[in-house]
Each structure stands twice: as C-alpha cells, then as structure tokens.
Amino acid sequence: MTAIPDFPVGTNTTISGLGSSFADELSGLSVPWQGTEAPEPELLALNEELAVSLGLDVAALRSADGVAVLAGSAVPVGAKPVAMAYAGHQFGGYAPLLGDGRALLLGELVDGDGRRADLHLKGSGPTPFSRGGDGFAVVGPMLREYLVSEAMHALGIPTTRSLSVVATGRSVYREGVEPGAVLARVASSHLRVGTFEFAVRRGEIVRSLADHAIARHYPHLLDRPETGEDNRYLGFFAAVVEAQAALVAQWMLVGFVHGVMNTDNTTISGETIDYGPCAFVDAFDPAAVFSSIDHSGRYAFGNQPAVLKWNLARLAETLLTLVDSTPDAAIGAVTAVLDSFDVRYEHHYRVGMAAKLGLSEDALDRVSVDDLLALLEEHGADWTATFRALADELRGDPASLDMLVPRERTAPWLERWHAAATSDNRGAKERAEAMDRVNPLYIPRNHHVDSALKAATAGDLAPFATLLDVVTHPFEMRAEWAEYALPAPRSFAESFRTFCGT
C-alpha cells in the first residue's frame with residue numbers, strides 16, 4: 001500500500017468538531033489521506049437546509065475557506081481525513097481491494113437530533129486505492145448525484161444526501177476534456193457489504209467492525225449476547241436484511257434503477273448510495289437497463305430485488321464465525337434469515353403498491369397487480385404518470401389514463417380495481433387524494449436530467465437549479481412545472497444510456 005505522506009495539520013476552522021470514530025476504532029480499514037489542491041474552486045451548489053440541520057454555518061461554507069474544505073483542498077482543525085478500504089463483488093466478480101479511489105471521509109458530524117453522519121468527499125483526488133485512476137470527478141456526474149439523491153430524499157427513500165458541489169478549475173479527461181468537480185455528501189455511514197468483505201479477510205477486525213456497525217446503526221442489539229439463539233450478530237444481519245428489503249421495494253415502487261448494484265454499493269444502513277449510472281424508468285419495462293457497462297442486464301430494473309438478496313448472501317458469509325463457532329450451525333442460522341428476504345420484500349412492496357393504488361393492503365390482489373404491470377409493459381405506459389392517471393380516473397377524468405393504455409384494454413382491470421375498494425369507507429375523492437400523496441408528479445426524468453447536466457457542464461446552472469426545485473417538491477402541482485410531468489420523447493427513451501462518468 002502507498003506510504004502515508006506527512007500532511008500538514010489542519011488549520012481551517014470552517015467546520016469544527018469533526019469526529020473520527022471509524023478511523024479511530026477501525027484503523028486497519030482506512031489510510032490517512034488528504035485531498036488535492038483545487039486550482040480555482042467555485043461553489044456550484046450548496047444544500048443550505050442540510051447544512052443547517054448539521055449545525056454548519058452557511059455563510060462560512062460559502063466563504064473561500066469553506067469552499068476550500070468542500071473541495072478537499074483544506075483540512076478542518078482536528079479532522080482526520082481517511083480513504084476507506086473495502087472489497088466488493090462487481091458484476092458478480094470478486095475484487096479483494098477496492099476502496100475510496102477518488103474519495104475521502106473527512107469525518108463525522110452530529111445533527112440536531114443527535115444522529116452521527118459522515119461527511120464524505122467524492123472526486124477529491126487520487127488515493128492509495130485509485131488503481132491507476134486519476135482520482136478526480138467531473139461536473140456532470142457530481143451534479144447528477146446531488147440532484148437525484150435530493151430527489152430520492154424528497155420522495156422519502158433512504159439515501160445519502162448531497163451537501164455541495166464545487167468546481168475545481170481542473171480539466172479532467174474522460175471522453176474528452178471536462179471540468180472537474182468535488183461532491184460533498186452526507187450519510188449515516190459509509191459502511192458497506194464490501195467493508196465486511198474486506199475486513200473478514202483481515203481476521204478479528206471483522207468483529208470490531210460488526211460491533212461498530214451495530215453501535216452506530218442498530219444500537220438496540222447491543223443488549224443481546226454474543227452467542228446463543230439471541231445472538232447480536234445474527235440480529236444485526238436480520239436488521240440489514242430488513243433495511244435493504246424495505247429500500248429495494250421503494251426503488252421498485254418509484255421506478256428507480258440504480259444501475260451498479262455491486263456489494264461495495266450496498267450499505268449496512270439501508271441507504272441508497274452512489275448514483276453513477278442511475279436512471280428512472282419512463283415506459284414500464286422490467287428489463288430496463290440504462291448503464292452503458294451493464295451488457296448482460298445483471299442490474300436491470302426487474303432484477304434488483306434478486307440482486308439485493310445475492311449481495312446480502314455475501315454479507316452473511318462474512319458473519320459466520322461471529323454467529324456460531326460451529327460452521328453448520330452458523331450457515332443454517334444465516335440462511336434462515338436470508339430466506340426471509342423474499343417475505344420481507346413482498347410485504348414492503350405490497351404495502352407500498354396498495355397505497356399507490358388507493359387500496360387497503362387486505363384488498364390488494366397480487367394477480368391484479370401483475371395484470372396491471374403486464375398492461376403497462378405491453379403498451380409501454382409511463383410508470384409515474386399511470387398512478388396519477390388512476391387518481392384522475394377516480395375523479396371522473398378518464399382522459400389521461402386513456403392516453404397511456406386504450407380503454408378497451410384497461411376496462412376489465414378497472415372493474416376489478418373499483419370492486420376491490422368496496423370495503424373501503426373512503427370515497428373516490430378521498431382515495432384519489434391519498435394516492436396523490438404517495439405517487440409523485442415529478443421525478444428526475446432522464447431527458448430533463450440530461451439536458452440540465454449538459455447545460456451545467458457548459459456553464460449554465462439555471463436549468464439544473466429549476467429541475468432541482470421541481471424534483472425536491474415531487475407532489476406539489478404547479479402549472480409552470482407541467483412539462484416536467486411529461487414522459488420523454490420515445491426517440492430519446494429508446495437511445496438513452498447512462499455512464500459512471502466520474
């Protein structure tokens with residue numbers, strides 16, 4: 001591993017009191033490091049609401065000293081920035097050492113509710129884990145992560161959040177020359193399945209890592225013993241399985257395609273992380289793949305629950321010696337928990353789909369759901385627009401639904417849908433209003449994201465700012481935002497591809 005340089009002690013006081021529990025408690029899982037100087041840093045986006053919630057001074061962050069910290073050029077007083085080490089299965093193949101090749105954990109903040117959160121930089125320059133890469137990132141992908149992560153937060157989906165994007169003034173070479181940038185993001189932690197895959201091959205540190213993760217994310221498990229049927233590590237695995245089952249169900253309900261569901265992109269907290277080649281489906285298609293590198297469709301929209309379960313199996317493998325000293329007993333215990341994933345996922349999906357359709361969970365018929373999905377796939381109907389159109393249908397306005405799927409095809413299904421609601425005491429208007437509270441009008445539609453990022457890369461941030469405002473108010477109907485609720489032109493949707501592009 002690369003030798004640790006003698007970095008200067010931090011003198012920047014913009015952000016104070018950064019904790020370092022990960023670096024202090026788990027020194028074998030990180031390397032002290034510092035970001036690269038940004039030639040001409042310029043603040044492109046700052047999440048003031050998030051900053052305030054973290055106890056940060058917005059004016060100070062906007063100052064030259066604040067921008068230097070957010071760019072990775074300066075180290076706050078008392079901070080211990082590190083590059084985190086982890087392994088991972090990437091597209092099914094195991095890589096024993098990945099790590100933060102272009103990122104740094106600056107430290108940990110405590111928000112107003114007493115919750116600990118990581119402050120992490122992405123694109124801050126090469127580290128010992130760069131593996132020949134330049135360690136930098138560019139404006140478009142960093143603004144994409146800012147935009148989509150904040151949209152996911154507004155939709156109520158667990159996610160890392162974005163604090164800022166700073167243009168560095170550095171030219172970075174990708175397909176061509178692009179402007180460099182650094183994203184500052186916030187997460188309840190950056191512990192991943194891949195962190196455990198790395199730690200388990202380093203011996204006893206996997207126990208320390210598990211204890212650290214439990215204390216940070218699932219402290220109610222601390223009262224459990226280390227052995228026996230009520231084993232805290234088995235409880236920890238069950239908690240992660242539950243969190244991830246709930247998360248992927250929410251992805252499926254909103255039409256989100258992560259694009260690169262490697263184990264190093266699967267968090268222990270159950271938060272969505274890394275928005276490289278992500279996208280949202282327009283026309284419903286379980287086989288939808290947007291990532292230019294997913295040639296086999298491994299991470300297609302409809303495959304996401306199964307992939308998540310596979311990733312969790314990799315986590316289970318790292319916990320075996322902690323769960324039971326007898327291998328067969330340990331395998332049996334974690335397998336039983338892993339096998340519960342399907343039931344957990346189905347529960348969360350069912351509850352969410354019932355709400356989207358304005359039905360009670362008891363009234364939801366999975367056959368009817370499958371029939372609806374088949375109709376949408378057959379006619380290439382827009383996923384997001386369909387559920388808003390069904391609410392309009394309840395209000396006596398069939399036009400928007402008829403534009404998506406011909407009435408002669410929907411009529412039998414609609415009859416069953418209305419019949420399913422007969423036991424509901426709510427009227428049609430009340431059901432429609434309830435549906436509108438869970439079915440967004442606006443998502444980061446791919447054509448708008450693409451257009452905004454191209455403009456931003458060329459120096460025009462106005463389209464990005466407008467789109468950010470729209471997608472962070474996903475349920476708020478405004479006449480001036482009508483175009484953002486419309487599907488992409490079919491010609492765009494058929495050719496659209498995403499790229500990691502960092």
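# A tour from Gly101 to Asn311

Select Gly101, in the loop between strand E5 (93–95) and strand E6 (103–110). Keep in mind that this is a predicted model. Is Gly101 buried or exposed? The relative accessibility of Gly101 is 18%. The cut-off for buried is under 20%, so Gly101 counts as buried. Now show what Gly101 touches. Leaving aside neighbours within four places in sequence, Gly101 is in contact with Gly125, Pro126, Thr127, Phe129, Ser130 and Gly135.

**Zoom out: the whole chain**

Show the full protein chain. How many helices and strands does the protein chain have? There are 19 helices and 12 strands. The radius of gyration is 23 Å, close to the 23 Å that the globule rule gives for 502 residues, so the chain is as compact as a globular protein of that length. Turn the model around. Along its principal axes, the C-alpha trace spans about 70 × 60 × 45 Å.

Next, think about cover. Of the 502 residues, 57% count as buried. The accessible surface comes to about 19,900 Å². Carbon and sulfur atoms hold 53% of that surface. Now think about contacts. Take the contacts with a separation of 6 or more: 72% of them join residues 24 or more positions apart.

**The binding-site list**

Select the residues that UniProt lists, in an unreviewed entry, under "binding site": Gly99, Gly101, Arg102, Lys122, Asp134, Gly135, Arg185, Arg192 and Asp274. Why do they not all gather at one spot? They span 176 residues in sequence, and the farthest two C-alpha atoms are 23.3 Å apart, so they do not all gather at one spot. Gly101, the starting point of this tour, is on that UniProt list. Lys122 is on the list too, and that residue comes next.

**Strand E7 and its partners**

Select residues 116–122, which form strand E7. Strand E7 is mostly covered, with 6 of its 7 residues buried. Bring in E6 beside E7. The strands E6 and E7 run antiparallel, and 7 bridges join them. One pair to pick out is Leu104 with its bridge partner in E7, Leu121. Follow the turn of this hairpin: 5 residues lie between the strands E6 and E7. Gly114 takes a positive phi there, near 85°.

Now add strand E10 (residues 177–187). E7 and E10 also pair in the antiparallel sense, over 5 bridges. Select Lys122 in strand E7. What is the bridge partner of Lys122 in E10? The partner is Leu183. As you look along these strands, watch the side chains. In a regular strand they alternate between the two faces of the sheet.

Stay on Lys122. At 6% relative accessibility, Lys122 counts as buried. Show the side chains of Lys122 and Glu145. A polar contact of 2.8 Å joins them.

**The loop between E11 and E12**

Select Asp274, in the loop between E11 and E12. Asp274 has a relative accessible area of 13%, so Asp274 is buried. Which residues does Asp274 touch? Beyond residues up to four places away in sequence, Asp274 touches Lys122, Glu145, Arg185, Arg192, His258 and Asn265. Two familiar names appear there, Lys122 and Glu145. Zoom in on Arg185. The side chains of Asp274 and Arg185 are joined by a polar contact of 2.6 Å.

Step to Asn265, in the loop between E11 and E12 as well. UniProt, in an unreviewed entry, places a "binding site" feature at Asn265 and Asp274. Asn265 is buried, with a relative accessible area of 10%. Its contacts, not counting residues up to four places away in sequence, are Arg192, His258, Val260, Ile273 and Asp274. Look for the backbone oxygen of Val260. That oxygen lies 2.9 Å from a polar atom of the Asn265 side chain.

Now select Asp264. UniProt marks Asp264 as "active site", again in an unreviewed entry. Asp264 sits in the loop between strand E11 (256–257) and strand E12 (279–280). The relative accessible area of Asp264 is 7%, so Asp264 is buried. Not counting residues up to four places away in sequence, Asp264 touches Tyr86, Ala87, Gly88, His89, Gln90, Leu98, Arg192 and Gly194.

**Last stop: helix H9**

Select Asn311, in helix H9 (residues 304–323). Asn311 has a relative accessibility of 1% and counts as buried. What does Asn311 touch? Setting aside residues up to four places away in sequence, Asn311 touches Val193, Met261, Asn262, Thr263 and Thr266.

How values were computed:
Residues are numbered from 1 along each chain as its sequence is written. This is a predicted model: local features need pLDDT of at least 70, side-chain atom pairs count only at pLDDT 80 or more; totals for chains, interfaces and linings use all residues. Side-chain values use heavy atoms; hydrogens and water are left out. Helices (H or I, at least four residues) and strands (E, at least two) are DSSP runs, numbered from the N terminus. Buried means under 20% relative accessible area, exposed over 50%, partly exposed in between (1.4 Å probe, protein chains only). Contact means heavy atoms within 4.5 Å. UniProt positions are given in the numbering used here, feature names are shortened, and annotations may be inferred rather than shown by experiment. A polar contact is a pair of N or O atoms within 3.5 Å; within protein, one must be able to donate a hydrogen and the other to accept it, and residues adjacent in sequence count only if both atoms are side-chain atoms. The radius of gyration is taken over C-alpha atoms; the globule rule is 2.2 Å times the number of residues to the power 0.38. Accessible areas come from the Shrake-Rupley method with a 1.4 Å probe; for residues, only the protein chains shown count as cover. Two strands pair if DSSP finds at least two bridges between them.
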